[in-house]
Protein chains: 2
Amino acid sequence: MKLITRNTDYAVRALCYLARQDQKSVPVSEMVMALKIPRPFLRKLLQTLSTEGILDSFKGQAGGFALAKNPSKIWLTDLIRIFQGTVELNECIFRKKICPNRSTCKLKHEIDAIEKDVLKRLSVVSIASLLS
Amino acid sequence: MKLITRNTDYAVRALCYLARQDQKSVPVSEMVMALKIPRPFLRKLLQTLSTEGILDSFKGQAGGFALAKNPSKIWLTDLIRIFQGTVELNECIFRKKICPNRSTCKLKHEIDAIEKDVLKRLSVVSIASLLS
DNA sequence: ATAAATGATACTAAAGTAGTATCATTAAAC
DNA sequence: GTTTAATGATACTACTTTAGTATCATTTAT
Ligand code: FES
Ligand code: FES
């Protein structure tokens with residue numbers, strides 16, 4: 001099981017790359033060179049980050065992408081939410097229906113507690129903190 | 001993202017059910033009734049638990065399954081390993097290859113640390129502790 | 001012999017993840 | 001004003017994992 005999918009992982013790299021630049025905007029082609037991420041995939045991903053307000057985008061020649069916020073304000077949990085949905089280690093769906101034992105189930109309690117910890121640890125990680 | 005898949009979840013329920021019985025062996029049909037898990041799915045799952053040494057099985061009429069160990073010796077991590085493979089929240093595979101940045105990557109460090117915590121918490125949960 | 005069980009194994013379906021392709025729109029550069 | 005290099009929008013394909021089904025062989029109590 002993975003906590004971070006490819007999308008999120010690539011997004012982190014791209015955002016770190018942008019955070020280290022002080023150019024007004026960086027085109028996808030430059031990032032493809034630097035990060036060796038498949039172009040169409042990176043493009044789609046950056047578009048998503050743009051519509052989500054993480055990036056600003058500039059169309060036309062000499063256009064590209066730039067961070068829309070300070071790297072210390074871009075949280076890993078934002079990216080996870082965008083690309084993977086909410087963090088729910090525990091679903092307990094029972095044949096498409098919410099499980100009737102949810103309130104008493106000890107397994108659920110255990111996993112819920114673990115989930116809380118994981119979220120707590122994830123929620124302090126920002127792009128700034130990943131810059132090294 | 002899920003920490004526990006359906007297989008593992010069902011296995012926990014089945015094992016808890018068996019732990020509460022003191023019959024020599026319980027046939028699948030009885031468990032299907034009690035747990036409302038699809039029969040062929042439960043069957044396969046119990047067979048797996050049997051070959052993995054978690055359950056004893058008895059063939060022929062009046063046969064069935066029974067715990068092969070004390071419930072306090074059956075660990076949630078065993079079940080996760082059996083049905084989901086090793087817990088690895090962090091893969092960082094870069095286009096089918098192991099990522100070259102593994103040693104320096106801060107994201108990996110963070111996720112590794114979280115994974116360690118999760119494993120620590122999972123590793124103390126046994127069927128006995130889930131019996132309620 | 002029969003019936004009720006598991007063993008072994010192959011198959012199908014659904015969902016999530018990863019990646020590609022294409023055409024339209026924009027705006028700087030010439 | 002035309003060209004060119006960029007993003008916007010959107011649809012599509014492929015792969016992997018998870019979930020679930022089906023079938024026939026074997027065993028054993030009755
Ligand atoms: S059995 Fe459904 S929440 Fe655990
Ligand atoms: S970039 Fe590969 S381990 Fe993080």
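## A tour of two chains and DNA strand D

Start where the protein chains meet: across the interface of chain A and chain B there are 2 salt bridges, each being a side-chain nitrogen of Lys or Arg within 4 Å of a carboxyl oxygen of Asp or Glu. Before you click on, know that this is a predicted model, in which local features need pLDDT of at least 70, side-chain atom pairs count only at pLDDT 80 or more, and totals for chains, interfaces and linings use all residues. Residues are numbered from 1 along each chain as its sequence is written, chains are lettered from A and ligands numbered from 1 in the order in which they are written, and side-chain values use heavy atoms, with hydrogens and water left out.

**Stop one: between the chains**

Select Asp117(B) and Arg121(A): their side chains form a salt bridge, 2.6 Å from N to O. Now colour the side of chain A that touches chain B. Helix H1 (6-20), helix H4 (76-84), strand E3 (93-94) and helix H5 (106-122) of chain A each give two or more residues to that side. (Helices, H or I with at least four residues, and strands, E with at least two, are DSSP runs numbered from the N terminus.) Which element gives the most here? H5(A) does, with 10 residues.

Try colouring this side of chain A by residue type: you get 23 nonpolar, 3 polar and 12 charged. Here Ala, Val, Leu, Ile, Met, Phe, Trp, Tyr, Cys and Pro count as nonpolar, Asp, Glu, Lys and Arg as charged, and the others, Gly among them, as polar.

Show both sides together and you have 38 residues from chain A and 38 residues from chain B in the contact, meaning heavy atoms within 4.5 Å. The area buried between the two chains is about 3,600 Å², with 64% from carbon and sulfur atoms; this is the accessible area (1.4 Å probe) lost on putting the two parts together, summed over both.

**Stop two: lay one chain on the other**

Superpose chain A on chain B: a turn of 180 degrees and a shift of 0.0 Å along the axis does it, with an RMSD of 0.1 Å. The fit is by least squares on the C-alpha atoms of residues with pLDDT of at least 70 in both. That is the relation of a two-fold axis. Both copies use the same surface, and 100% of the contact residues of chain A recur in chain B.

**Stop three: DNA strand D**

Select the 29 residues around DNA strand D; those that come nearest are Arg43(A), Ser57(A), Phe41(B), Lys44(B) and Gln61(B). "Near" asks for a heavy atom within 4 Å. H3(B) supplies the largest share of this surface, 4 residues.

Zoom in on Lys44(B): an N or O atom in its side chain is 2.9 Å from a base oxygen of DNA strand D. At Gly60(B), a polar backbone atom is 3.3 Å from a base oxygen of the strand. Then pick Arg6(B), where a polar backbone atom is 3.0 Å from a phosphate oxygen of DNA strand D.

**Last stop: inside helix H1**

Finish with Arg13(A) and Asp9(A), whose side chains meet in a salt bridge of 2.9 Å, N to O. Both lie in helix H1 of chain A, 4 residues apart, about one turn of the helix.

How values were computed: A polar contact is a pair of N or O atoms within 3.5 Å; within protein, one must be able to donate a hydrogen and the other to accept it, and residues adjacent in sequence count only if both atoms are side-chain atoms.
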